[in-house]
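Biologist: I am new to this structure and would like to learn how to read it. Could you take me through it feature by feature?

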Amino acid sequence: MLLKERQTFSLKIKRMGINGEGIGFYKKTLVFVPGALKGEEVICRVTSVKPRFILAQLVSIKKASKYRVIPECPIYEECGGCQIMHLRYDKQLDFKDDLIKQSLKKFKPKNYESIEVRHTKGMEVPKHYRAKLQFQTRMISGSVKAGLFKEGSHHLVSIKDCLVQDSTTQKIINEIVRLLDKYKVPIYNERKIQGIRTVMIRRAKASDDVQIIFISSKEVRLTPVIKELVNQYDNLKTIAINLNNSKKSDIYGQDTEIIWGQDNITEEVLDYQFALSPRAFYQLNPSQTNVLYQQVVDALEVNENDDIIDAYCGVGTIGFAFANKVKSIRGMDIIPDAIKDAKKNASFMGFKNTSYFVGKAEELIPKWYKEGYRADALIVDPPRTGLDDKLLKTIIQYPPKKMVYVSCNASTLARDLVTLSKLYQIDYIQSVDMFPQTARTEAVVKLKRK
């Protein structure tokens, strides 16, 4: 008998999927149930029937997992920003180990069954870790609200006290919402594009410096808002505005202008400091970034004669961990502001053996090899989409002796390892929990050329 939409049925959950959902089988057909945990028996309702799987909604739990906990966040289910807060934290770490293993099993890089997957390194206090806030703004019932869109919708969930967001950034966004309302600043909506659409706030953990970007679809008057914010927050160092009048879902437009304060804020990782401009990429979890970068240092095992290429270098933060240990570092990124920051940071720290370039790794690496520059080691830290196909081919054509792959997506990592494992031995994968309460994890992979 085939299941139909809205039909209710009983299901045993066998495991958890890559998005944190429970997975069971109905007559050998996969059933995905968000909110269900491994080992549970649940009643669920069909929401969608696909050719190879079924999507279902959790209705009730007949037999609960002993690892199920009550989420501390009152809007956990409505928001959807976190996916596994209902799972006890130590078991969240086990789940993230399994994420890596599931991905390896799916893509099957060479000798994948023998790859050592080390236990995920977690946080002592897995709360209030997100040092960067990026909330949408909308008018709801005549007043400004800020928060996140409910998953798969344009329904804004107003957030006033996020359990995973840095407390200072949450207080500031709450005050910004009040001020936007007070001064009647135009707010964006999908039908009539006008005004503030997103607010980004970042706090540097080491210096306590704060920077804000208002993303707006048109020029708006923010002078009274800025005055009040500056008077209230001594640690506020930078306020910028980014114009984005596109109807697409991209957060930022091309141009970002600082309208108050200084160009950068100061952050610290391991034993060095660096500057961050408002648009510069940096990890969301400063505490765990120390853990992550130390794993990169341990995995690469450099010596004083090594030349390193740091692909996707951003503002240079990972490469700086090696600058005092190696002969040279060359980094590249496609974002000019990031390279500008990387050069400033290297100069500030007194490094004479670092060079940074705007461009794509797959174009610069062949050029450097033709000029005689041979990398002994390569660091890659790509976005969630993984390595560009052209870069993968370039790495295979110009393979350094050792390599570290830092990944924020287990699936694209395993996919890329299919190609890399043809030339490299994968020593181990070390997962680091950069995003507690969510189904995401970060991984450091140690590779040595065969």
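Modeller: What follows goes from the sheet to the helices beside it and then to one annotated residue, and please keep in mind that this is a predicted model.

Biologist: How should I read the sheet, and in which order do its strands lie?

Modeller: In general, the strands of a sheet pair through backbone hydrogen bonds, either parallel or antiparallel. Here eight strands form an open sheet with mixed pairing, in the order β6-β21-β22-β20-β19-β16-β17-β18. Its edge strands are β6 (116-121) and β18 (354-358), each of which pairs on one side only, and the twist from one strand to the next averages 15 degrees.

Biologist: In which sense do β17 and β18 pair, parallel or antiparallel?

Modeller: Strand β17, residues 328-333, pairs with β18 in the parallel sense over five bridges, and Asp333 has Val358 in β18 as its bridge partner.

Biologist: Which strands do helices α2 and α7 lie against?

Modeller: Helix α2 (residues 89-107) packs on the sheet and touches β6, β21 and β22, its direction making about 150 degrees with that of β6. Helix α7 (residues 336-348) lies across β17 and β18, and runs at about 165 degrees to β18.

Biologist: Where is Cys408 placed, and is it buried or exposed?

Modeller: An unreviewed UniProt entry lists Cys408 under "active site", and the residue sits in the loop between β20 (402-407) and α10 (410-420). Cys408 counts as buried because its relative accessible area is 12%, where the cut-off is under 20%. Leaving aside neighbours within four places in sequence, Cys408 is in contact with Pro382, Pro383, Arg384, Arg440, Thr441 and Glu442.

How values were computed:
Residues numbered from 1 in each chain as written. Predicted model: local features only at pLDDT ≥ 70, side-chain atom pairs only at ≥ 80, totals over all residues. Heavy atoms only, no water. Pairing = 2+ DSSP bridges. Helix = DSSP H or I, 4+ residues; strand = E, 2+ residues; numbered from the N terminus. Axes fitted to C-alpha atoms, helices over the stretch in contact; angles between N-to-C directions. Contact = heavy atoms within 4.5 Å. UniProt positions renumbered as here; feature names shortened; annotations may be inferred. Buried < 20%, exposed > 50% of the residue type's maximum accessible area, 1.4 Å probe, protein only.
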